[in-house]
Amino acid sequence: SPVLCHGTLLFVAPKRFKLKNPEIKAELSGADRRFSLTLSAEAFATGVEIVFDGIDAIISDNDFDLTSSAPVKIGVSVNNPAENLKSLKKALRIRTLYEVGKTK
């Protein structure tokens with residue numbers, strides 16, 4: 001059955017949780033304006049954000065947590081038929097709260 005909702009529960013206050021570099025791996029597949037992005041991580045990642053620089057993309061989920069034990073599959077569609085797998089891979093940017101915390 002499809003997953004309708006997912007989330008994580010921390011057993012400490014979020015400000016006390018020490019995030020590690022999640023080392024996210026991304027696999028993109030598909031064609032004809034419909035693509036699939038599968039993300040996996042070496043460590044827990046929270047606040048995962050996906051952006052395709054310069055591409056008008058519709059992403060099925062764009063603020064989620066990723067655990068090392070469960071890859072997440074995201075749907076991606078684009079309005080411009082000229083966009084292809086190569087252009088999407090080049091434009092893909094993934095950011096998490098780990099990276100945000102490193103910039104402080």
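In the predicted model, Thr-46 is found in strand 3, which covers residues 45–52. The relative accessible area of Thr-46 is 18%, and the residue therefore counts as buried, the limit being under 20%. Apart from its neighbours within four places in sequence, Thr-46 is in contact with Leu-19, Phe-64, Asp-65, Thr-96 and Leu-97.

A second residue of strand 3, Glu-49, takes part in a salt bridge. Its partner is Arg-95, and the closest N and O atoms of the two are 3.3 Å apart. This pair links distant parts of the chain, since Arg-95 belongs to strand 7 (residues 92–95) and stands 46 residues from Glu-49 in sequence. Glu-49 has a relative accessible area of 28% and is partly exposed. Arg-95 is also partly exposed, with a value of 44%.

Strand 7 contributes to another salt bridge through Arg-93. The side chain of Arg-93 meets that of Asp-53, with an N to O distance of 3.2 Å. Asp-53 is located in the loop between strand 3 and strand 4, whereas Arg-93 is in strand 7, so the salt bridge ties together parts of the chain that are 40 residues apart in sequence. Asp-53 is partly exposed, with a relative accessible area of 41%. For Arg-93 the relative accessible area is 42%, and this residue is likewise partly exposed.

The number of salt bridges in the model comes to three. Another of them joins Lys-25 and Glu-42, whose closest N and O atoms are 3.6 Å apart. Lys-25 lies in strand 1 and Glu-42 in the loop between strand 2 and strand 3, so that distant parts of the chain, 17 residues apart, are linked. Lys-25 has a relative accessibility of 47% and counts as partly exposed. Glu-42, in contrast, is exposed, with a relative accessible area of 52%; the value is placed in this class because exposed residues are those over 50%.

Strand 1 is also part of a sheet. Four strands form this open sheet, in the order 1-2-6-4, and their pairing is antiparallel. Strand 1 (25–31) and strand 4 are the edge strands, each of which pairs on one side only. From one strand to the next, the twist averages 25°.

Within this sheet, strand 6 pairs with both strand 2 and strand 4. Strand 2 comprises residues 34–40, and its antiparallel pairing with strand 6 runs over six bridges. In this pairing, Leu-37 has Ile-74 of strand 6 as its bridge partner. Ser-36 stands opposite Gly-75, which is also in strand 6. The pairing of strand 6 with strand 4 (residues 57–59) is antiparallel as well and runs over three bridges. Here Ile-59 has Val-76 of strand 6 as its bridge partner.

The two faces of strand 6 differ in how they are covered. In a regular strand, side chains alternate between the two faces of the sheet. Strand 6 spans residues 72–78, and its covered face carries Val-72, Ile-74, Val-76 and Val-78. The uncovered face carries Lys-73, Gly-75 and Ser-77. Two of the bridge partners named above, Ile-74 and Val-76, thus belong to the covered face, while Gly-75, opposite Ser-36, belongs to the uncovered one.

Outside the strands, Lys-15 is placed in the segment before strand 1. Lys-15 is exposed, with a relative accessible area of 70%. A distance of 30 Å separates the C-alpha atom of Lys-15 from that of Leu-37, a residue 22 positions away along the chain.

For the chain as a whole, the secondary structure consists of two helices and seven strands. Along the sequence, these elements follow the pattern β-β-β-β-β-β-α-β-α. The C-alpha atoms fill a box of roughly 45 × 40 × 20 Å along the principal axes. Of the 104 residues in the chain, 27% are buried. Among contacts with a separation of 6 or more, 55% are between residues 24 or more positions apart. The chain exposes about 7400 Å², and carbon and sulfur atoms supply 52% of this area.

Conventions
Residues are numbered from 1 along each chain as its sequence is written. This is a predicted model: local features need pLDDT of at least 70, side-chain atom pairs count only at pLDDT 80 or more; totals for chains, interfaces and linings use all residues. Side-chain values use heavy atoms; hydrogens and water are left out. Buried means under 20% relative accessible area, exposed over 50%, partly exposed in between (1.4 Å probe, protein chains only). Two strands pair if DSSP finds at least two bridges between them. Contact means heavy atoms within 4.5 Å. Axes are lines fitted to C-alpha atoms, for helices over the stretch in contact, and angles run from 0 to 180 degrees between N-to-C directions. A salt bridge is a side-chain nitrogen of Lys or Arg within 4 Å of a carboxyl oxygen of Asp or Glu. Accessible areas come from the Shrake-Rupley method with a 1.4 Å probe; for residues, only the protein chains shown count as cover.
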